[in-house]
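Biologist: Pick one part of this model and take me through it slowly, side chain by side chain. I'd like to see how the charged groups and the nonpolar packing fit together there.

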Amino acid sequence: MTESEQYPETSRSLDSLREMRLTALLGDLMDEQGKTQAAKTLGVSPRTLTRFEDGRRLTPTLAGALERHLLEGGGSAAATQRHRLGMLEDGLKELERTLREEMAALRKDGETARQEQAQALGELARRVAALEKAGHGAAQANAGTPAAGTQAASQGETGKSVVERPRRVYPDLVTAEAEPGEELVYGDAATALIARWREARDAVPRTRDTLDRLNARERRYELEIELIETHELTLPPATRPWTWGDRDQEVRRRNDALNELMVDRRMLKLRRFLTFGLWRK
């Protein structure tokens, strides 16, 4: 589903804004130069402007001519239009500031409740970890030597070289770079997800276009959330596994970043729309 299909009201508003902008430009041009000269300036016939006066509707041909004239920067009408665009830009900055303040207020209101919940769940996670550690120690004590003998027999049966499981102090700690046999540590599903995450991480600094960079960052955050929430893994540059409370905080931090990113992307698209794609920052 495209963005215009997801947000039909926003798409219609932008179309209306574009038509109002071009209509104002045409009115300024005709007032300054007259209909005949304005038609020559735009490269259209006077009849085209007459039809516009009758119906007050822009044809695709006339709209395209006005956009080209605006981009070429010709005449005082274009200067007037650029002034209006400057005013729109100031309004966009104020809108962006308001959105960010509202998001910050929402996060602040819920922070106290989230901290209390995180503390309670963190304590529960520590108790579970202690029980798991106790159970693991008991299992090692009961294993004895037969398991080692079975392993040796298994190795002797094949006589083939196999990929050994990487030695990890913390198996749930993801390494920055891929290592042979890491699927034996994380499992096939998590390993494939980690590979996609590494690709997304490396793609961010390589992108030059601002919109592409925002999209790459979004992909990276989404993959990181899945690794942390679904597979309970710890990501670099951490050197020790995260507790439940740590993972919850890391997920919330990335969700906040995604919300900020969404605002940045929508403001960037709106700026580019209003400036016919000239805004590249």
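Modeller: Let's start with Arg201, which counts as buried at 14% relative accessibility (buried is under 20% relative accessible area, exposed over 50%, partly exposed in between, with a 1.4 Å probe and protein chains only). Keep in mind that this is a predicted model: local features need pLDDT of at least 70 and side-chain atom pairs count only at pLDDT 80 or more, while totals for chains, interfaces and linings use all residues. Numbering runs from 1 along each chain as its sequence is written, and side-chain values use heavy atoms, leaving out hydrogens and water.

Arg201 belongs to helix α8 (helices are DSSP runs of H or I, at least four residues, numbered from the N terminus). The charged end of Arg201 sits over the ring of Trp197, 5.2 Å from the ring centre (that label needs CZ of Arg, or NZ of Lys, within 6 Å of the centre and within 35 degrees of the ring normal). Arg201 also forms a salt bridge with Asp202, the closest N and O atoms being 3.0 Å apart (a side-chain nitrogen of Lys or Arg within 4 Å of a carboxyl oxygen of Asp or Glu). Buried Arg201 thus has a partly exposed partner, with Asp202 at a relative accessible area of 32%. If you skip residues up to four places away in sequence, Arg201 touches Ala176, Glu177 and Arg220 (contact means heavy atoms within 4.5 Å).

Now follow that last contact to Arg220. It shares helix α9 with Glu224, 4 residues away, about one turn of the helix. The two form a salt bridge, with the closest N and O atoms 2.8 Å apart. Arg220 is partly exposed at 26% relative accessibility, whereas Glu224 is buried at 4%.

Over in helix α10, Arg253 and Glu250 are 3 residues apart, again about one helical turn. Their salt bridge brings the closest N and O atoms to 2.7 Å. Arg253 is partly exposed at 48% relative accessibility, and Glu250 is buried at 16%. These pairs link up: through shared salt-bridge partners, Arg220, Glu224, Glu250, Arg253 and Arg254 make up one network. In the whole structure, there are 11 salt bridges.

Back to the ring under Arg201. Trp197 is among the residues with the most contacts inside the largest nonpolar core, alongside Val174, Tyr186, Ile194, Leu227, Leu233 and Leu235. That core has 23 residues (a core is a set of buried Ala, Val, Leu, Ile, Met, Phe, Trp, Tyr and Cys residues joined through side-chain atoms within 4.5 Å). Helices α7 (183–186), α8 (188–203), α9 (210–229) and α10 (244–274) each supply at least two of its residues, and α9 gives the most, with 7. For a view from inside, try Ile194: leaving aside neighbours within four places in sequence, Ile194 is in contact with Val174, Tyr186, Leu227 and Leu233. Elsewhere there is a second, separate core of 17 residues, including Met30, Leu62, Ala65 and Leu66.

So here's the picture to keep while you rotate the model. Arg201 is buried, with its charged end over Trp197 and a salt bridge to Asp202. Its contact with Arg220 leads on to the five-residue salt-bridge network of Arg220, Glu224, Glu250, Arg253 and Arg254.
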